[in-house]
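Visitor: I am new to this structure and would love a close look at a single part. Could you show me the charged pairs between side chains?

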Amino acid sequence: MKSRPFSQGLLALSCLISVAGCGGGGGDGGGTPAATTTTSTPSPVTYTSAAAAGELVSYTMDTSSLTYNYTIVESQYGLTGKTGSGKLIANGDGTYALSNIPNAKAIILKGGMLVAAIRENFNGNTRTVSIVGFSNPLTSLAATAATYNYVSYRCPTLDCSAVAANTEYGTFRIGSDGTWNSCANANYATDPFCPGSSGTINTLGGGKWQILQESREVGTAMAYQAANGQNVMLIDMKDPVALGYGVVIGATAKAITADDANGTWQVGVFGKANSGYIIGSMTQTVTLGSNVTTSNVVVNGAAGSDETSTFTLNSPWNGWATSTAPTPGATPTLLAGTGMMVEAGSTTTTSGVPIDLLGIGFKM
């Protein structure tokens, strides 16, 4: 499979992993770095959030008193009720550093979206995990029903240290009748009979939705409407049988333009390799709607080299971009909402080392 536009950065991060050592836990954690258009919102604001490890988190940001706190409200790791808190340190670029979470950054986006991090002990490993949350999630099925492109990052078991996570792209449809259907590596809008999964969706109140497959609860979803009219959806995955543990990020399908892609993006990466967990970041600059330069690559505190690539918009279908950069196992890059991108990748090296990466970026 060809890699996709921001895959060049994932490739640079993958190459750096062997240098960084990828120690699990320790003090090298970090959340998703800075990004797109920020906004001065009333404080405090609480965000219903999903973590890349598969947790539901209530995350409160108070930019007036410069504090943050979070509570894990649902956990697959026995962490329900666990809390964290600390100070916000303004970085001068619209982002905040999070005390007590080394190297982590938080960004508040227009429309009520937050990207930040938690730091907890997951199955004996203390690690930093990125979270994405909404302050004003959609509460009606009519507003949520649509066809979405998606990227997923899911582990087959709670202890995913010895195997690569399952990373995937495709489409899912939520119907006005409360049903859902998904298609891996295919566009439901043009191929509604593609192989996939199906089930039902029920409201849990407060903008949270229960995702069922054959009467088995497989996840909890939440969505909001971005400034450009797209819905962005998060699904906290918690299925021990088939779909695994992790996160799905989706956006209603919409053709993208060069203006959507052009600019400077800050990308944070969460993943693992060499039996350890990694946190990385990079800057990606897009020009002429097709040229990508990756710079400022850092994994667990170690610096990497710059890279360049080119890509094609709306490939393999509307809402995606496809790159020339050859990154094994990488999904297409999803451009979602107002200045957000998501990509994931997973592979196992010839020596048996599992590598997986989830990248979430925002336009400055």
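Visitor: Which side chain meets that of lysine 272 in a salt bridge?

Guide: Happy to help! This is a predicted model, where local features need pLDDT of at least 70, side-chain atom pairs count only at pLDDT 80 or more, and totals for chains, interfaces and linings use all residues. Residues are numbered from 1 along each chain as its sequence is written, and side-chain values use heavy atoms, with hydrogens and water left out.

The partner of lysine 272 is aspartate 356, at 2.2 Å from N to O. Lysine 272 belongs to strand S17 (residues 263-273) and aspartate 356 to strand S25 (residues 354-363), so their pairing ties together parts 84 residues apart in sequence. A salt bridge here is a side-chain nitrogen of Lys or Arg within 4 Å of a carboxyl oxygen of Asp or Glu. Strands (E, at least two residues) are DSSP runs, numbered from the N terminus.

Lysine 272 is buried, with a relative accessible area of 3%, and aspartate 356 is buried at 0%. Buried means under 20% relative accessible area, exposed over 50%, and partly exposed in between (1.4 Å probe, protein chains only).

The whole structure holds 6 salt bridges. Among them, glutamate 120 meets lysine 82 at 2.7 Å, N to O. Glutamate 120 sits in strand S7 (residues 113-122) and lysine 82 in the loop between strand S3 (67-74) and strand S4 (83-90), so this pair joins parts 38 residues apart in sequence. Here glutamate 120 is buried at 4%, while lysine 82 is partly exposed at 39%.

Note on methods
Helix = DSSP H or I, 4+ residues; strand = E, 2+ residues; numbered from the N terminus.
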